[in-house]
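User: Please go through this model with me and say what each label rests on.

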Amino acid sequence: LEAGKAAGHSLCGGHISGMFGFFFTEGPVNCFADATKSDTDKFAKWHRGMLERGVYLAPSQYEAGFMSLAHTEEDIEKTIEAAKEVFATL
(Lines give C-alpha, C1' and ligand atoms only; values in the text may rest on other atoms or scores of the structure.)
Protein backbone atom coordinates (compact mmCIF):
# COMPACT_ATOMS: atom_id res chain seq x y z
CA LEU A 1 0.00 0.00 0.00
CA GLU A 2 2.79 2.42 0.87
CA ALA A 3 4.44 2.03 -2.55
CA GLY A 4 1.17 2.68 -4.38
CA LYS A 5 0.24 5.68 -2.28
CA ALA A 6 3.74 7.08 -2.68
CA ALA A 7 3.23 6.85 -6.45
CA GLY A 8 -0.01 8.85 -6.13
CA HIS A 9 -2.59 6.07 -6.37
CA SER A 10 -5.74 5.77 -4.27
CA LEU A 11 -5.39 2.45 -2.44
CA CYS A 12 -6.81 0.76 0.61
CA GLY A 13 -6.48 -2.73 1.99
CA GLY A 14 -5.48 -4.82 4.89
CA HIS A 15 -4.24 -8.14 6.17
CA ILE A 16 -4.96 -10.84 8.69
CA SER A 17 -1.93 -13.00 9.46
CA GLY A 18 -0.64 -14.20 6.08
CA MET A 19 -3.73 -13.20 4.07
CA PHE A 20 -3.86 -9.79 2.38
CA GLY A 21 -5.77 -7.78 -0.17
CA PHE A 22 -6.16 -4.29 -1.53
CA PHE A 23 -8.32 -2.16 -3.79
CA PHE A 24 -7.62 0.78 -6.09
CA THR A 25 -9.96 3.13 -4.23
CA GLU A 26 -9.81 5.56 -1.32
CA GLY A 27 -11.72 3.20 0.93
CA PRO A 28 -12.41 1.95 3.35
CA VAL A 29 -13.89 -1.16 1.74
CA ASN A 30 -16.28 -2.75 4.21
CA CYS A 31 -18.72 -4.50 1.87
CA PHE A 32 -19.16 -5.55 -1.74
CA ALA A 33 -20.82 -2.24 -2.66
CA ASP A 34 -17.68 -0.42 -1.46
CA ALA A 35 -15.45 -2.81 -3.42
CA THR A 36 -17.33 -2.17 -6.66
CA LYS A 37 -16.25 1.48 -6.50
CA SER A 38 -12.63 0.47 -7.06
CA ASP A 39 -10.73 0.82 -10.33
CA THR A 40 -10.65 -2.73 -11.72
CA ASP A 41 -9.02 -1.60 -14.98
CA LYS A 42 -6.10 -0.16 -13.06
CA PHE A 43 -5.85 -3.35 -11.01
CA ALA A 44 -5.73 -5.39 -14.24
CA LYS A 45 -2.89 -3.24 -15.61
CA TRP A 46 -1.04 -3.50 -12.29
CA HIS A 47 -1.52 -7.27 -12.20
CA ARG A 48 -0.23 -7.63 -15.77
CA GLY A 49 2.84 -5.56 -14.90
CA MET A 50 3.55 -7.71 -11.88
CA LEU A 51 3.29 -10.88 -14.00
CA GLU A 52 5.75 -9.39 -16.49
CA ARG A 53 8.19 -8.99 -13.59
CA GLY A 54 7.73 -12.58 -12.41
CA VAL A 55 5.36 -11.90 -9.50
CA TYR A 56 2.28 -14.13 -9.59
CA LEU A 57 -0.71 -12.81 -7.63
CA ALA A 58 -4.45 -13.46 -7.64
CA PRO A 59 -5.85 -12.06 -10.92
CA SER A 60 -8.75 -10.20 -9.29
CA GLN A 61 -8.79 -7.61 -6.55
CA TYR A 62 -11.77 -9.49 -5.13
CA GLU A 63 -9.44 -12.39 -4.22
CA ALA A 64 -6.99 -12.60 -1.33
CA GLY A 65 -3.24 -13.02 -1.56
CA PHE A 66 -1.37 -15.30 0.80
CA MET A 67 2.08 -15.21 2.39
CA SER A 68 3.75 -18.20 3.98
CA LEU A 69 6.96 -19.15 5.73
CA ALA A 70 8.22 -20.30 2.33
CA HIS A 71 8.48 -16.62 1.26
CA THR A 72 11.91 -15.22 2.06
CA GLU A 73 12.84 -11.63 2.83
CA GLU A 74 14.38 -11.57 -0.66
CA ASP A 75 11.02 -12.64 -2.17
CA ILE A 76 9.25 -9.87 -0.30
CA GLU A 77 11.78 -7.21 -1.32
CA LYS A 78 11.61 -8.35 -4.96
CA THR A 79 7.81 -8.08 -4.85
CA ILE A 80 7.90 -4.59 -3.34
CA GLU A 81 10.43 -3.38 -5.90
CA ALA A 82 8.36 -4.83 -8.76
CA ALA A 83 5.25 -3.15 -7.35
CA LYS A 84 7.05 0.20 -7.20
CA GLU A 85 8.09 -0.16 -10.85
CA VAL A 86 4.56 -1.01 -11.95
CA PHE A 87 2.90 1.73 -9.87
CA ALA A 88 5.21 4.23 -11.58
CA THR A 89 3.90 3.16 -15.00
CA LEU A 90 0.19 3.57 -14.21
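**Labels and their cut-offs**

Analyst: R53 is partly exposed, at a relative accessible area of 29%. This is a predicted model, in which local features need pLDDT of at least 70, side-chain atom pairs count only at pLDDT 80 or more, and totals for chains, interfaces and linings use all residues. Residues are numbered from 1 along each chain as its sequence is written, and side-chain values use heavy atoms, with hydrogens and water left out.

User: Why is R53 called partly exposed?

Analyst: Buried means under 20% relative accessible area and exposed over 50%, with partly exposed in between (1.4 Å probe, protein chains only). R53 has 29%, so the middle label applies.

User: What makes R53 and E85 a salt bridge?

Analyst: The term requires a side-chain nitrogen of Lys or Arg within 4 Å of a carboxyl oxygen of Asp or Glu. The closest N and O atoms of R53 and E85 are 2.8 Å apart, so the pair qualifies. R53 sits in the loop between α3 and β3 and E85 in helix α4, 32 residues apart, so the pair links distant parts of the chain; helices (H or I, at least four residues) and strands (E, at least two) are DSSP runs, numbered from the N terminus. E85 is partly exposed, with a relative accessible area of 44%.

User: Why does the pair K84 and E81 count as a salt bridge?

Analyst: The closest N and O atoms are 3.6 Å apart, which meets the criterion, so this pair is a salt bridge. Both residues lie in helix α4, three residues apart, about one turn of the helix. K84 is partly exposed at 41% relative accessibility, and E81 is partly exposed at 39%. The structure holds two salt bridges.

User: How do you know that C12 is in no disulfide?

Analyst: A disulfide is a pair of cysteine sulfur atoms within 2.5 Å. The search of the whole structure finds zero disulfides. For C12, the nearest cysteine sulfur is that of C31, 11 Å away, so the pair fails the cut-off. C12 is buried, with a relative accessible area of 10%, and C31 is partly exposed, with 40%.

User: What makes β1 and β2 paired strands?

Analyst: Two strands pair if DSSP finds at least two bridges between them. Five bridges join β1 (residues 12–16) to β2 (residues 19–23), so the antiparallel strands pair. H15 stands opposite F20 in β2.

User: Why are β2 and β3 also called paired?

Analyst: Two bridges join β2 to β3 (residues 65–66), so the requirement is met; these strands run antiparallel. M19 stands opposite F66 in β3.
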